[in-house]
Amino acid sequence: MQTLKYPIKEVEIKLIPRNKMLSLGITKTQRSLCEKSILQYGLLSPIVVMENHQGELMTLTGENELEVLKEMDVKKADVFVTKLESKADTCKAILMLSSFKKGLNPLSEGLILRELLTSGGYTQKELGEALFKSKSWVSKRLSLAEQLNANVSEMVFKKQICPASAADIARLPNEVQHKFATEIYKKDIPKSTVERLVSAYNSKTTPESLKQQIIKDPVTAADNLHPVMIKKCADEDIAKDASINITKFNAAMRLLIKLISEIEMYLASTKADDIKNYQGVLKVVYDSTSRFSALIEYHLVSLGKLPSHNKTASGGANSANY
């Protein structure tokens with residue numbers, strides 16, 4: 001029976017440089033969870049590095065764990081060491097390992113592929129064959145990397161914006177991407193809002209004035225977006241559409257009440273330090289729910305049913321109907 005042995009070596013953590021390609025997809029939440037795991041259980045996921053002929057090291061997998069150990073001021077750790085012949089082989093190994101673990105997003109993969117094409121002397125077809133990927137897979141990711149403005153790419157490497165948001169920004173005209181990305185970074189706008197703003201900018205029905213506002217002042221532009229498209233319909237369709245809308249409305253309200261209850265429980269049981277990680281999205285939720293509450297109050301007043309502020313959402317008589 002053949003036995004495979006992994007070459008384990010104790011190395012100084014500071015000697016392993018940051019692999020900016022692998023660090024692209026690491027979020028604050030992932031970093032926090034990794035740190036808690038290491039503190040409680042030790043290093044469960046192995047760090048795998050490549051060592052070249054000069055003894056220089058490069059991370060192939062485990063970049064999240066490596067960066068956490070550096071922040072914890074850990075001096076040495078046991079890592080798995082492999083030897084590869086060239087930088088191109090390193091890039092191929094990173095892509096294959098990440099593919100197994102689904103560790104990279106399409107933009108990160110595209111940037112690594114572009115590096116391979118530049119330094120490795122490959123064609124797109126050869127890359128696909130080497131990575132066991134289709135030519136279409138290679139082409140789509142390269143296209144995403146090429147569409148992204150160079151200044152925005154640098155912002156991704158500096159972790160000023162996440163790769164997922166950058167992938168959305170790549171759908172904008174190249175000349176407005178950097179200005180938009182800078183505003184997104186300054187205002188700490190979440191990925192979900194970035195996606196809405198980009199889709200609105202690319203819509204043929206969006207006025208030019210709103211497009212300019214999306215680039216220069218995305219926060220205000222997001223408030224001005226209308227998610228519901230109003231379309232003309234024949235008189236005979238109105239009754240049918242109304243019935244469908246009532247059903248959807250009831251289902252949506254039930255789901256909303258359930259989600260609010262779950263979020264209330266989560267916020268009540270979560271430590272203040274952990275809540276800080278969600279301050280950006282909490283601000284968005286607060287603004288959205290404030291507008292929503294004002295809209296509900298307007299309708300209740302118009303119906304002659306002024307809302308009572310002495311009853312809680314969970315204890316009010318009306319909530320029992322749901």
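1. Is K125 exposed or buried? At 55% relative accessibility, K125 counts as exposed, where exposed means over 50% relative accessible area, buried means under 20%, and partly exposed lies in between, with a 1.4 Å probe and protein chains only. K125 lies in helix α6 (residues 124–131), and although K125 and K135 are ten residues apart in sequence, they are 5.8 Å apart in space, C-alpha to C-alpha.

2. Before reading further, please note that this is a predicted model, in which local features need pLDDT of at least 70 and side-chain atom pairs count only at pLDDT 80 or more, while totals for chains, interfaces and linings use all residues. Residues are numbered from 1 along each chain as its sequence is written, and side-chain values use heavy atoms, with hydrogens and water left out.

3. The secondary structure of the protein chain comes to 16 helices and four strands; these are DSSP runs numbered from the N terminus, with helices being H or I of at least four residues and strands being E of at least two. Of the 322 residues in the protein chain, 32% are buried. Among the contacts (heavy atoms within 4.5 Å) with a separation of 6 or more, 69% are between residues 24 or more positions apart.

4. The four strands of an open sheet follow the order β1-β4-β2-β3, with mixed pairing, and two strands are taken to pair if DSSP finds at least two bridges between them. Because β1 (8–12) and β3 (57–61) stand at the edges with a single partner strand each, one side of each is left without a neighbour in the sheet.

5. Strand β2 deserves a closer look. Three bridges join β2 (residues 48–51) to β4 (residues 76–82), and these two strands run parallel, whereas β2 and β3 run antiparallel and are joined by four bridges. V49 has V81 as its bridge partner in β4 and stands opposite T59 in β3, while the bridge partner of M50 in β4 is T82. In a regular strand the side chains alternate between the two faces of the sheet. Here V48 and M50 point one way from β2 and V49 and E51 the other way, and all are buried. The hairpin of β2 and β3 has five residues between the strands, and in it G55 takes a positive phi near 85°.

6. Helix α3 (63–71) comes before the loop that leads to β4. Seven of the nine residues of α3 are buried, so this helix is largely enclosed by the rest of the structure; the buried residues are E63, N64, E65, L66, E67, V68 and L69.

7. Most residues other than glycine have a negative phi. Just after α3, however, D73 takes a positive phi of about 60°, and D188, also a residue other than glycine, has a positive phi near 55°. D188 lies in the loop between α10 (174–187) and α11 (191–202) and, at 49% relative accessibility, counts as partly exposed.

8. D188 appears again in the second largest pocket, where T27, K28, C162, D188 and N277 are the closest to the centre of the 28 residues that line it. This pocket has a volume of about 970 Å³, the volume being the space filled by probe spheres set on grid points, which are joined across faces, edges and corners. On a 1 Å grid over the protein atoms alone, a pocket is an open set of points where a 1.4 Å probe fits, with protein on both sides within 12 Å along at least five of seven lines, and lining residues have an atom within 4 Å of a point.
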